[in-house]
Amino acid sequence: MTMAVAAASRRDRNMRDKRDRIFRAAAELFAERGFAAVTTQEVSDRADVAAGTLFRYAATKSELLLMIYNEEFRAAIDEGERRAAPIAEPAAAINALVVPTIERSVRTPENSMVYQRELLFGLAAEPYRAEGVELVYRLEGLISARLQAHARERGLSVDSASVRLAGETVFGIINLTIARLSDAPVELSDIERNLRVQIKQVVDGLLTEKE
């Protein structure tokens, strides 16, 4: 290994280490106190990096939250895929697919609502927002794929635009569910029951009319 390659390798390791420290510090502080109560200076202090260094990885506190909750969202989608895999009935499978996202949101409602707001209204040029939007498309695609597969199994002719719209509608239900977490404390069991009913209505509306 040449000296130049070794130096580049050290720089890469240092960058990864700083990013990991910033990620952990921000995740801990947001979990402990909520998004509004945390400052970027507190994140940089806990991560033991200069404020200027922090802003090279995330330009704003909102970007920090996006960085963290993209990983939460990705993990929720992965968990939902595992839960939905053995379920044949489409509405139940889609419910299993999306419930992990709701479960995580209920644990940290303030942070989840800010994350949702940033995905909806954040700047298009923000890389972490773009990453989050891709995760939304991934979840909608998984929902649509399950609906399309079930339609084929039943010999139903469902156009791709309708299936895509159904996936978007289910994600809209998730968004509204998260937004309502600020209204008043709600039991997770009640949220999940309402979610099951709404998802079944979407699935039945898409598939039944084709029979």
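This is a short walk through helix H9 and two residues of helix H7. The model is predicted.

Start with helix H9, residues 188-207. The helix has 20 residues, and at 1.5 Å a residue they should span 28 Å. The C-alpha atoms at its two ends are 28 Å apart, so the expected span and the model agree.

Next, look at which parts of H9 are hidden. Its buried residues begin with Ile191 and Glu192. Leu195, Ile199, Val202 and Val203 are also buried. Leu206 and Leu207 complete the list. Look down the axis of H9 and these buried residues fall within an arc of 110°, so they line one face of the helix.

What lies over that buried set? The cover includes three helices: H5 (90-107), H7 (127-153) and H8 (160-179).

Now move to H7, one of the helices covering the buried residues of H9. Ser144 sits in helix H7. Its relative accessibility is 12%. Buried means under 20%, so Ser144 qualifies. Setting aside neighbours within four places in sequence, Ser144 is in contact with Val163, Arg164 and Gly167.

Gln148 is also found in helix H7. Is Gln148 buried or exposed? At 18% relative accessibility, Gln148 counts as buried, because the cut-off is under 20%. With neighbours within four places in sequence again left out, Gln148 is in contact with Val158, Ser160 and Val163.

Val163 appears in both sets: it is in contact with Ser144 and with Gln148.

Notes: Residues numbered from 1 in each chain as written. Predicted model: local features only at pLDDT ≥ 70, side-chain atom pairs only at ≥ 80, totals over all residues. Heavy atoms only, no water. Helix = DSSP H or I, 4+ residues; strand = E, 2+ residues; numbered from the N terminus. Expected span 1.5 Å × (residues − 1). Buried < 20%, exposed > 50% of the residue type's maximum accessible area, 1.4 Å probe, protein only. Arc of directions from axis to C-beta. Contact = heavy atoms within 4.5 Å.
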